[in-house]
Amino acid sequence: MTTMRTETSTGAEEVRPKSALEPLISAENVSYHASGRQILQDISLTVARGETVTVVGPNGAGKTTLLRVLLGLISPTSGRVTSKPHLRIGYLPQKIHIDPVLPLSVNRIMTLTGSFTQEQIQAALEETGVSHLNGQSVFNLSGGEFQRMMLARALLRNPELLVLDEPVQGVDYLGEAELYELIANIRKKYSCSVLMISHDLHVVMSSTDRVICIDQHVCCQGKPQYVCNHTEFQRLFGRQFSESLSVYSHDHDHRHDISGNIQEKNQ
Amino acid sequence: MTLLDDFLWRAIFAGLGIAIVAGPLGCFVVWRRMAYLGDTMSHSSLLGIAMGFLLQINLILAVFVVAALVAILLFLLQRQKQLAADAILGTLAHASLALGVLAISLMTWIRVDLMSFLFGDILSVEISDLYLIYGSGLIVLLVMLKIWKPLLAITANEELARAEGIPSVPLQLIFMLLIALIIALAMKIVGVLLVTALLIIPATAARRFSKTPEQMAVIAVLIGVASVFIGLFTSLEFDTPSGPSIVISIVLFFFLSFILPAPKTYVLR
């Protein structure tokens, strides 16, 4: 099995400054099949330095699979993933289940794959507002505390790219907004890029640079405003809802049926 | 070594060696939810014994080789996603057990005391077995020490560990080989059918008293060591089979762990 994951060469032309446009990770025409079923089809995308990119799409659209391909956890059936050499990634998987039979403290979770000093751990936990949990068992944490701990863990690696798969899962309504705010602050402070999957379209639209709407293939991508008004996006999420998200809404003169064909003209 | 001329001392030393190695390994078996996999591998031991007799090689070595092959086969089968893991495990466990009994019964030229293999036999531990147990046991412990941290990382969350650069496949394979080795080593002490008990019950009993993975491993070792002593002396005193006696001692610790108050600072949800 050959891996499709390659790293860009650090050739002579690569001496340009770390501008806002330096690509950190990109997918080129990535497709993925599993047991005969197409999950991703011909997806291309790039996350550049400093960008916040949000992947949206209905259930089963292949959002998590896309992240896993980008992270190199699975190899694409065709196409390729390119990442900046030695890219430091902080990753928060979708639903982390840790079996209670394995006794782990918050402190221990932080050092599972790396070696960090107690000062570094404490500082990272303070950054995400959960330093008081340092000595506790991970099984006593609430959903929000757990995610903040995992975020602190990702920060320890001093990431250039944060990959977040539905970061507010299991977090209550108030906590959600706070967590998104924290992510935005972290992004500023660490000047890292963020690639996340989110269902929370209101947040997505207000705090992201670029939205990629996928349903196996890329339906549309661009600035939130543009995506909101895109017919494909409206087909997936409902026209009225999409327009309520958009700041500058404008009317389309037609609708699409389920396969995207023009169905009827508006009066 | 006059001390080791006595069968009881040989049994005690063998049991201690096994208990010390089984503690940390057993914790990972429990953490990784591999209890049934351990069972499947130990059920294949009988086939290993048959092979050992047939090829006239050391039985522990033969059992190790067969258990390792079964482990690798399981590993490969589990990578396909169509059949559930427990169905594959059940199939292989019973296939190898039946095949083992069949093979042994067909070899009419040797007399095999099946009971002693199924449930262990303290009398059968020889000095050469002790060398093998302590030699291999040392290797297992050293390898465990070396892979402890990355194995713990993929055990806590494989996806996350892999994303952070931990290679999970080689670690899993190495761990399975270590289990095959301990199963082969423990066979004479507790018998084919009860080997897994030696791995999982001390670890399970240790859970409530442990705050860290390492604590759990150490407590599991202590429980295992105590059970070997209690079990063997019970076996001697009441003329009961050694394997079941040791296992019952471990089970008593397991129930005791529920009765004893757990340390207050550690509440499980």
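# Helix pairs and a mixed sheet in two chains

The crossing that helix α3(B) makes with helix α5(B) is left-handed, and this description, like those that follow, refers to a predicted model. Helix α3 covers residues 45–55 of chain B and helix α5 covers residues 85–106 of chain B, and the two pack at an angle of about 30° with their axes 7 Å apart. Because an angle under 35 degrees counts as roughly parallel, α3(B) is described as roughly parallel to α5(B). On the α3(B) side the contact is made by B:L46, B:L47, B:I49 and B:A50, while α5(B) contributes B:S96, B:L97, B:L99, B:G100, B:V101, B:A103 and B:I104. Sorted by class, the residues of this contact are nine nonpolar and two polar, with no charged residue.

Further along chain B, helix α9 (residues 168–190) meets helix α10 (residues 195–206), and here the axes come within 7 Å and cross at roughly 110°. The two helices α9(B) and α10(B) are therefore roughly perpendicular to each other. From α9(B) the contact takes in B:I179, B:I182, B:I183, B:A186, B:M187 and B:V190, and from α10(B) it takes in B:V195, B:L198 and B:L199. The contact of α9(B) with α10(B) has nine nonpolar residues, no polar ones and no charged ones.

Helix α10(B) also has a second partner to consider, helix α12 (residues 242–259) of chain B, and the axes of these two helices come within 8 Å and cross at roughly 20°. That angle makes α10(B) roughly parallel to α12(B), and the crossing of the pair is left-handed. The residues in contact are B:A197, B:L198, B:I201, B:P202, B:T204 and B:A205 of α10(B), set against B:I246, B:V247, B:I250, B:V251, B:F253, B:F254 and B:S257 of α12(B). This contact divides into 11 nonpolar and two polar residues, again with no charged residue. B:L198 of α10(B) is thus listed both in the contact with α9(B) and in the contact with α12(B).

How much confidence does the prediction carry for chain B? The mean pLDDT of chain B is 88, and 94% of its residues reach 70 or more. Over residues 265–269 of chain B, however, the pLDDT is below 50, although this stretch has 15 contacts in the model beyond near neighbours in sequence.

Chain A can be approached through its sheet. Six strands of chain A form an open sheet in the order β6-β7-β8-β4-β9-β10, and their pairing is mixed. The edge strands are β6 (89–92) and β10 (217–222) of chain A, each of which pairs on one side only. Between neighbouring strands of this sheet the turn is 15° on average, direction ignored. Within the sheet, strand β7 (residues 161–165) of chain A and strand β8 (residues 193–197) of chain A run parallel and are joined by five bridges, with A:L162 standing opposite A:V194 in β8(A).

Helix α1 (residues 63–70) of chain A packs on this sheet, where it touches β4 (52–56), β7, β8 and β9 (210–215) of chain A, and its direction makes about 145° with that of β8(A). Helix α5 (residues 173–190) of chain A lies across β4, β7 and β8 of chain A, and it runs at about 155° to β8(A).

Another pairing in chain A joins strand β2 (residues 23–34) to strand β3 (residues 37–48), in the antiparallel sense and over eight bridges. In this pairing A:H33 has A:Q38 in β3(A) as its bridge partner. The strands β2(A) and β3(A) form a hairpin with two residues between them, and A:S35 in the turn has a positive phi of about 35°.

The confidence for chain A completes the picture. Its mean pLDDT is 82, and 83% of the residues of chain A reach 70 or more. Among the elements of chain A, helix α3 (residues 118–127) has the highest mean pLDDT, at 94, whereas strand β1 (residues 5–7) has the lowest, at 50. Over residues 7–19 of chain A the pLDDT is below 50, and this stretch has 14 contacts in the model beyond near neighbours in sequence. Residues 247–252 of chain A also have a pLDDT below 50, with 13 contacts in the model beyond near neighbours in sequence.

Conventions
Residues are numbered from 1 along each chain as its sequence is written. Chains are lettered from A and ligands numbered from 1 in the order in which they are written. This is a predicted model: local features need pLDDT of at least 70, side-chain atom pairs count only at pLDDT 80 or more; totals for chains, interfaces and linings use all residues. Side-chain values use heavy atoms; hydrogens and water are left out. pLDDT is the predictor's confidence in each residue, from 0 to 100. Helices (H or I, at least four residues) and strands (E, at least two) are DSSP runs, numbered from the N terminus. Contact means heavy atoms within 4.5 Å. Axes are lines fitted to C-alpha atoms, for helices over the stretch in contact, and angles run from 0 to 180 degrees between N-to-C directions. Angles under 35 degrees count as roughly parallel, over 145 as roughly antiparallel, 65 to 115 as roughly perpendicular and the rest as oblique. A crossing is left-handed if the near helix is turned anticlockwise from the far one by less than a right angle, and right-handed if clockwise. Ala, Val, Leu, Ile, Met, Phe, Trp, Tyr, Cys and Pro count as nonpolar, Asp, Glu, Lys and Arg as charged, and the others, Gly among them, as polar. Two strands pair if DSSP finds at least two bridges between them.
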